[in-house]
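Student: Please take a close look at the interior of this model, starting from a single residue and working outward. I would like the cut-offs behind each term to be given where the term is used.

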Amino acid sequence: MAMRKILVDDTNRELCEHGTATFPMTVSHDDLWAFEGKSVPIHWHNDLEISVPREGEAIYQVYQKSYTVKPGAALVLNRNVPHSCHSPNNSHTRYSTFLARPDFIYGEFGSDVERNCFRPFLQNSAVPCILLNEECKCTNSVIQKLNEIEEIFDQKSYCYELKIKGLLCEVYSLILCEHQKEFTKFIPSNQLELERLEQMLNYLNTHFESVISLQELADQVHLSREVCCRLFKKMTGKTVTGYLEEYRVNRSLSLVQSSQYSMIQIADMTGFSNASRFAQAFRKQFGCNPGEYNSLKQQNL
């Protein structure tokens, strides 16, 4: 069975469209064990996202903060927010993901619904996400309506599109009303920071085979090394070195699976200084040595 991947461009912006141009929303049934490395790497998109765990725990990294989300809770992710996901202790995690283009819900930009209801959230960098847990009064109602959406989406009976849009409006009405106090601290989205992150990721992702110095990376965004590192950590929750190591290991997977190259060759092709450093990073991310990966993967199918 082929492993799932999040298709992204060189800036880690997700390439996959969620839904269609005429019905821009979707519900996916996700399993972290279906992804390479049993985790979802850093990515972002223009759509709103709600994650609802069904089995096990999911740990989301949103900027520098981690959110542990269990069954009975949910995480609402704002648009254009870099995030990643993994499970603790390599445990099984299944969850439902609800993705929708914002204007599918609020209608025309500049409308009262967009301006009064959604804009304080969508354009507020102080609220990159909202955790719905047992402390939130609306959590049970929101999850109940999301369960309805999932069932309707799967069945696709007559007028399912209209039913889903109505329920999504109810879901976000509950969420935004309960958390409106959080929007009073309004910090406009910093487009420059996002653009600089895109530039840094583009440079790292296209030069990963080579030795990359922090000064080279900082020069791409016209910042000092210190400011560059702080911005990268703020936006991704990872250090530049940590991100680059994970990216190189992920790029090595297809080479490991092909069984055509030695560990020395793969290390050289993916930017590691030697085979030992490569094996150490691979083991840290996947829990096994590169040479063991293919046999262990077959056992788990």
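Tutor: The account below starts at one strand residue and moves outward through its surroundings.

The model is predicted: local features need pLDDT of at least 70 and side-chain atom pairs count only at pLDDT 80 or more, whereas totals for chains, interfaces and linings use all residues. Residues are numbered from 1 along each chain as its sequence is written, and side-chain values use heavy atoms, with hydrogens and water left out.

The starting point is Y60, which belongs to strand β4. Helices (H or I, at least four residues) and strands (E, at least two) are DSSP runs numbered from the N terminus. With a relative accessible area of 2%, Y60 is buried; the classes are buried under 20%, exposed over 50% and partly exposed in between, using a 1.4 Å probe and protein chains only. Leaving aside neighbours within four places in sequence, Y60 is in contact with S51, K65, S66, Y67, V69, L75, L77, S84, C85 and Y95, where contact means heavy atoms within 4.5 Å. With S51 there is also a polar contact, side chain to side chain, at 2.4 Å. Such a contact is a pair of N or O atoms within 3.5 Å; within protein, one must be able to donate a hydrogen and the other to accept it, and residues adjacent in sequence count only if both atoms are side-chain atoms. I42 lies 18 residues from Y60 in sequence, and their C-alpha atoms are 10.0 Å apart.

The strand of Y60 has a partner: β4 pairs with β7 in the antiparallel sense over four bridges, and Q61 stands opposite S84 of β7. Strands count as paired if DSSP finds at least two bridges between them. Strand β7 (residues 83–86) also pairs with β2, again antiparallel, over three bridges; there, S39 has H86 as its bridge partner.

S51, the polar partner of Y60, has L75 in β6 as its bridge partner. Three bridges join β3 to β6 and seven join β3 to β8, and both pairs run antiparallel. On the β8 side, V52 is partnered by S96. β3 is mostly covered, with six of its eight residues buried.

Which residues of the largest nonpolar core touch the most other members? Of its 39 residues, they are Y60, V62, M200, L204 and F232. A nonpolar core is a set of buried Ala, Val, Leu, Ile, Met, Phe, Trp, Tyr and Cys residues joined through side-chain atoms within 4.5 Å. At least two residues of this core are supplied by each of β2 (39–43), β4 (58–62), β5 (65–69), β6 (74–77), α5 (191–206), α6 (214–220), α7 (225–236) and α8 (240–258). The largest share, six residues, comes from α5. Not counting residues up to four places away in sequence, M200 touches L217, V221, C228, L231 and F232. A second, separate core of 36 residues includes A74, A100, I105 and I149.

I149 leads to helix α3, where I149 is among the buried residues. The others are T139, V142, I143, K145, L146, E150, I152 and F153. The buried residues of α3 pack against β1 (25–31), β3 (48–55), β8 (94–100), β9 (129–132) and α4 (160–178). The expected span of a helix is 1.5 Å times one less than its number of residues. For the 17 residues of α3 (residues 139–155) this gives 24 Å, in agreement with the 24 Å between its end C-alpha atoms. K156 follows α3 and has a positive phi, near 55°.

C228, a contact of M200, raises the matter of cysteine pairing. A search of the whole structure finds zero disulfides, a disulfide being a pair of cysteine sulfur atoms within 2.5 Å. For C228, the nearest cysteine sulfur is that of C229, at 5.3 Å, and C228 is buried at 0% relative accessibility. C169, by contrast, is partly exposed at 31%, and the sulfur of C117, the nearest to that of C169, is 9.7 Å away.

Lastly, T270 lies in the loop between α9 (263–269) and α10 (275–286). T270 is buried, with a relative accessible area of 1%, and the side chain of T270 reaches the backbone oxygen of I266 at 2.7 Å. Beyond residues up to four places away in sequence, T270 touches F208, E209, R248, R251, S252 and L255.
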